[in-house]
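The following exercises concern one buried-or-exposed assignment and one helix. Please inspect the sequence and the structure before reading each solution.

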Amino acid sequence: MNILILSGSPRKHGNTDLMVEAFVKGISEHHNVEVVSVHDNKVAPCIGCNACFKSENNTCVQKDDMIGIYEKMKQADMLVIASPVYFYGLSAQVKAVIDRCHNPIRDTFNIKKTALLLVGASTLPELFDSIITQYKLCINFFHLDDAGCVVARGVKDKGNIKNTKSLKEAYELGRFV
Ligand SMILES: Cc1cc2nc3c(=O)[nH]c(=O)nc-3n(C[C@H](O)[C@H](O)[C@H](O)COP(=O)(O)O)c2cc1C
């Protein structure tokens with residue numbers, strides 16, 4: 001499979017990036033992988049104009065790095081969303097990429113499988129509940145298969161995730177996809 005990973009922290013080399021690295025190590029044993037990071041791509045939020053529903057080739061009025069990401073999404077069989085928790089939600093940067101898929105161009109995608117990688121500072125049991133609910137509702141709506149989810153609690157500063165078992169779990173999830 002071609003795996004596209006959307007790495008969603010604007011903080012370079014932080015906990016999200018480390019979780020993605022571990023997952024890539026596992027999944028690249030059997031699949032082709034590409035990582036798209038929000039710290040290298042500027043994607044504006046959807047403005048809801050719906051012009052893409054009528055434009056030639058469903059082009060968006062916003063000319064930004066989403067143009068390249070649409071092309072990568074067209075090639076992908078599986079999409080992995082990795083994000084830090086920001087106020088119980090995904091990072092705004094990841095949400096912007098997802099919202100820009102409110103575009104009929106998504107009908108040309110062949111994505112069949114998804115996975116979720118999440119990190120957050122608190123140790124609350126409910127830390128990831130709202131994101132996981134949103135994720136499940138979306139994959140049900142689009143009839144996608146869930147390959148799994150790895151979470152890391154209690155990781156605030158860069159590198160904290162190295163002290164958890166989540167990197168191993170992310171590697172294992174990647175390896176067995
Ligand atoms: C804007 C913002 C909002 C945050 N909101 C939460 C939150 O609601 N709950 C939480 O546990 N951590 C929260 N955090 C902490 C991050 O999730 C945590 O530091 C994480 O490790 C950052 O990942 P990164 O190293 O990949 O950037 C927030 C951080 C920022 C910058």
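**Exercise 1.** Locate R100 and determine whether R100 is buried or exposed.

*Solution.* R100 sits in the loop that joins α3 (92–99) to β4 (113–119); helices (H or I, at least four residues) and strands (E, at least two) are DSSP runs numbered from the N terminus. The model is predicted: local features need pLDDT of at least 70 and side-chain atom pairs pLDDT 80 or more, while totals for chains, interfaces and linings use all residues. Residues are numbered from 1 along each chain as its sequence is written, and side-chain values use heavy atoms, without hydrogens and water.

Because its relative accessibility is 3%, R100 counts as buried (buried: under 20% relative accessible area; exposed: over 50%; partly exposed in between; 1.4 Å probe, protein chains only). The R100 side chain comes to 3.3 Å from the backbone oxygen of Q62. Beyond neighbours within four places in sequence, the contacts of R100 (heavy atoms within 4.5 Å) include V43, P45, C60, Q62 and Y70.

**Exercise 2.** Check the length of α4 and establish where its buried residues lie.

*Solution.* Helix α4 comprises 13 residues, 129–141. At 1.5 Å a residue (times one less than the number of residues), the expected span is 18 Å, which agrees with the 18 Å between its end C-alpha atoms.

I131, Y135 and I139 are the buried residues of α4. They fall within an arc of 60° seen down the helix axis, so they line one face (the arc is that of the directions from the axis to the C-beta atoms). These buried residues pack against β4 and β5 (145–152), whereas L137, N140 and F141 are exposed on the other side.

Note on methods: A polar contact is a pair of N or O atoms within 3.5 Å; within protein, one must be able to donate a hydrogen and the other to accept it, and residues adjacent in sequence count only if both atoms are side-chain atoms.
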